[in-house]
Amino acid sequence: MNKVYISSTEEYQPLSHRDSYLYENYLRVTTFLKTRLDKVLVDRIAKPNLVSGNVEWYSVFNGPMSVIAEYDINHQQIVEKEYVNFLSKVDRFIKELKISGDTDKETWADLLSITFSSENNILISNGTEWAIVWGWQFRNKLNFALPV
């Protein structure tokens, strides 16, 4: 994996699910999703690594990456459309888990809902590919270039 982005732990608070921080669940979440979503969608989830006051984000894509707002409007729109498509697939899956009646699946639904809440996701890109930075309370209410 390639280091693609760095964020500061001082700017944001980590989100929790049950007895752990979300960012500690990267392997758990991606392993669970690999058998349920296309690999290319799972590859969009950046891997966090805490290093002395910063979170280094890793991806299968080449870096460095920047927040999508730093790119032209056309690229922003492409990324946003693909992100909305990603979220709709994840949301359908979450709904299936919630109505299953299985406590374990409902727990997964809660974890995935928190992980992929758009207000707690940042979209980053290298100009071609894009990834999701997650697990922290970004409180950003993603501002899309155009209404989605």
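Two strands count as paired if DSSP finds at least two bridges between them, and the strands themselves (E, at least two residues), like the helices (H or I, at least four residues), are DSSP runs numbered from the N terminus. The model on your screen is a predicted one, in which local features need pLDDT of at least 70 and side-chain atom pairs count only at pLDDT 80 or more, while totals for chains, interfaces and linings use all residues. Residues are numbered from 1 along each chain as its sequence is written, and side-chain values use heavy atoms, with hydrogens and water left out.

**First stop: the sheet E7-E8-E9**

Select residues 66-67 and then residues 122-125, which are strands E7 and E8; these two run antiparallel and are joined by two bridges. One place to look is Ser 66, whose bridge partner in E8 is Ser 125. Now add residues 130-133, strand E9, and you have an open sheet of three strands in the order E7-E8-E9, with antiparallel pairing. E7 and E9 stand at the edges with a single partner strand each, so one side of each has no neighbour in the sheet.

**Second stop: Trp 130**

Stay in strand E9 and pick Trp 130. Is Trp 130 buried or exposed? With a relative accessible area of 1%, Trp 130 is buried, a word used here for values under 20%, whereas exposed means over 50% and partly exposed lies in between (1.4 Å probe, protein chains only). If you display its contacts, meaning heavy atoms within 4.5 Å, and leave out residues up to four places away in sequence, you will find that Trp 130 touches Arg 44, Phe 61, Met 65, Val 79, Glu 82, Tyr 83, Phe 86, Leu 123, Ile 124 and Ser 125. Lys 3 is 127 residues from Trp 130 along the chain, and the C-alpha atoms of the two are separated by 13 Å.

**Third stop: helices H3 and H4**

Select residues 73-98, helix H3, which lies across E8 and E9 and runs at about 60° to E9. Such angles run from 0 to 180 degrees between N-to-C directions, and the axes are lines fitted to C-alpha atoms, for helices over the stretch in contact.

Next, add residues 103-115, helix H4, which packs against H3 at an angle of about 150°, with the two axes 7 Å apart. That angle makes H3 roughly antiparallel to H4, since angles over 145 degrees count as roughly antiparallel, those under 35 as roughly parallel, 65 to 115 as roughly perpendicular and the rest as oblique. To see the contact itself, show Phe 93, Ile 94, Leu 97 and Lys 98 in H3, which meet Lys 105, Glu 106, Trp 108, Ala 109, Leu 112 and Ser 113 in H4. The residues of this contact divide into six nonpolar, one polar and three charged, where Ala, Val, Leu, Ile, Met, Phe, Trp, Tyr, Cys and Pro count as nonpolar, Asp, Glu, Lys and Arg as charged, and the others, Gly among them, as polar.

**Fourth stop: the sheet E1-E6-E5**

Move to residues 2-8, strand E1, together with residues 54-59, strand E6, and residues 47-51, strand E5. These form an open sheet of three strands in the order E1-E6-E5, with antiparallel pairing. Its edge strands are E1 and E5, each of which pairs on one side only, and the twist averages 30° from one strand to the next.

Look closely at E5 and E6, which run antiparallel and are joined by five bridges; Val 51, for instance, has Asn 54 in E6 as its bridge partner. Which residue of this hairpin, with two residues between the strands, takes a positive phi near 35°? It is Ser 52, which is exposed, with a relative accessible area of 71%.

**Last stop: three residues in loops**

Select Arg 18, in the loop between strand E3 (16-17) and strand E4 (20-21). Its phi is near 60°, a positive value in a residue other than glycine, and at 63% relative accessibility Arg 18 counts as exposed.

Then go to Asp 43, in the loop between helix H2 (39-42) and E5, which is buried with a relative accessible area of 17%. Asp 43 touches Ser 59, Val 60 and Phe 61, again without counting residues up to four places away in sequence.

Finish at Pro 64, in the loop between E6 and E7, where a cis peptide bond with omega of about 0° joins Gly 63 and Pro 64.
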